[in-house]
Amino acid sequence: MTAPSFSTRITVSAALALLTALFSMANLDAAAPVSGHVAAVDGTNIEITVVSKGAIAPGDKVELLYTTSTGVELPVGIWRVRTVKGAMVTAEMADSSTRPVVGLRAKIYPGSRVDEKVTQPPAPPVPSLEKPQPSSPAPPAVTGWLGVAIVANQKGDPDGGTDMLTRFFGADSGVTVMEVATGGPADRAGVSVQDRIVELNGQPVSDAAVFARSIGDLGEGATANLTILRQEKRLVVPVILERTPVR
């Protein structure tokens with residue numbers, strides 16, 4: 001049998017070396033993945049705690065997996081290694097439609113690079129199209145009712161004069177009762193037409209609108225102590241307020 005020539009042996013050796021190199025390059029992606037889990041999340045960036053050994057470098061592919069209660073692993077998305085510090089690896093999102101959460105399993109593939117591309121962050125959840133149920137309207141506030149019609153006092157009589165009580169309490173103090181509702185709280189307490197109300201619960205009265213608002217704020221069942229000027233006499237008349245009638 002004729003022995004192989006020298007040139008034939010060189011050719012075979014070169015072919016074997018080339019096949020070995022191609023086999024090694026083809027198996028870069030088949031390197032054993034490094035295991036870990038997501039320890040922290042910052043937006044779409046993650047921090048991974050590595051629990052197995054491997055030559056991890058920036059740019060390496062990271063795959064996140066969710067394990068169901070039956071042990072089935074479901075892919076969540078692809079991330080790209082940014083930094084490696086001991087057993088702590090940071091990675092940025094490369095391709096995912098889901099935001100990461102702490103506890104997901106991570107597989108890092110040394111030597112397997114992710115294409116450099118800009119990945120849009122996941123879209124926020126689509127809001128429900130169901131119409132919100134209308135809430136029950138708040139019950140109307142129960143305001144106090146005195147049962148009088150009043151008008152603010154003028155600063156003087158038509159002829160320019162003022163009586164003694166006006167001079168003592170102030171020319172524009174108090175409000176004058178112009179009408180009393182029959183059977184109302186003021187009527188039962190003895191308030192009369194032309195009475196001048198100068199104080200409410202010890203506070204001076206000078207504005208009709210403010211006085212009416214104060215009565216309403218006291219509410220049903222409250223006692224309004226009215227200081228009244230009547231025929232040059234000063235009286236204090238307690239009135240128990242009622243609920244404002246519905247018109």
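Colleague: Over residues 23-29, where does the pLDDT stay, and how many contacts beyond four places in sequence does the model have for them?

Modeller: This is a predicted model, and over residues 23-29 the pLDDT stays under 50. For that stretch the model has four contacts beyond four places in sequence. Where pLDDT is low, the predicted coordinates should not be read in detail.

Colleague: Which other stretch has a pLDDT below 50?

Modeller: Residues 156-171 have a pLDDT below 50, and this stretch has 17 contacts in the model beyond near neighbours in sequence. Helix H2 (residues 164-169) has the lowest mean pLDDT among the elements of the protein, 47, whereas H3 has the highest, 94. For the protein, the mean pLDDT is 78, and 68% of its residues reach 70 or more.

Colleague: What makes Asp60 and Arg113 a salt bridge?

Modeller: Their closest N and O atoms are 3.1 Å apart. The cut-off is 4 Å between a side-chain nitrogen of Lys or Arg and a carboxyl oxygen of Asp or Glu, so the pair qualifies. By this rule the count comes to seven salt bridges.

Colleague: Which parts of the chain does the pair of Asp60 and Arg113 link?

Modeller: Asp60 is in strand E3 (residues 60-67) and Arg113 is in strand E6 (residues 105-113), 53 residues apart.

Colleague: Why is Asp60 called buried or exposed, and on what value?

Modeller: The relative accessible area of Asp60 is 1%. Buried means under 20%, so Asp60 is buried. Its partner Arg113 has a relative accessible area of 53%; exposed means over 50%, so Arg113 is exposed.

Colleague: How do you know that Arg230 and Asp195 meet in a salt bridge?

Modeller: The N to O distance between their side chains is 2.6 Å, and the limit is 4 Å, so the pair counts as a salt bridge. Arg230 lies in strand E12 (residues 223-230), and Asp195 lies in the loop between helix H3 (185-189) and strand E10 (196-200), so the pair ties together parts that are 35 residues apart in sequence. Asp195 counts as buried at 2% relative accessibility, whereas Arg230, at 24%, is partly exposed.

Colleague: What makes Glu220 and Arg243 a salt bridge?

Modeller: Their side chains meet at 3.4 Å, N to O, which is within 4 Å and therefore satisfies the rule. Glu220 has a relative accessible area of 44% and Arg243 one of 47%. Partly exposed lies between 20% and 50%, so both residues belong to that class.

Colleague: How do the side chains of strand E2 (residues 45-50) alternate?

Modeller: Ile46, Ile48 and Val50 point to one face and are buried, while Asn45, Glu47 and Thr49 point to the other and are not buried. In a regular strand the side chains alternate between the two faces of the sheet.

Colleague: Why are E1 and E2 said to pair, and in which sense?

Modeller: Pairing needs at least two bridges, and strand E1 (residues 34-42) has six bridges with E2, so the two pair, in the antiparallel sense. Asp42 stands opposite Asn45 in E2. In the hairpin of E1 and E2, with two residues between the strands, Gly43 takes a positive phi near 70°.

Colleague: How many bridges join E2 to strand E5 (residues 88-96)?

Modeller: Four bridges join them, and the strands run antiparallel. In E5, Thr90 is the bridge partner of Glu47, and Met88 is the bridge partner of Thr49.

Colleague: In what order do the strands of the closed barrel run?

Modeller: The closed barrel of six strands runs E1-E2-E5-E4-E3-E6, with antiparallel pairing. From one strand to the next the twist averages 45°.

Conventions: Residues numbered from 1 in each chain as written. Predicted model: local features only at pLDDT ≥ 70, side-chain atom pairs only at ≥ 80, totals over all residues. Heavy atoms only, no water. Buried < 20%, exposed > 50% of the residue type's maximum accessible area, 1.4 Å probe, protein only. pLDDT = per-residue confidence, 0-100. Contact = heavy atoms within 4.5 Å. Axes fitted to C-alpha atoms, helices over the stretch in contact; angles between N-to-C directions.
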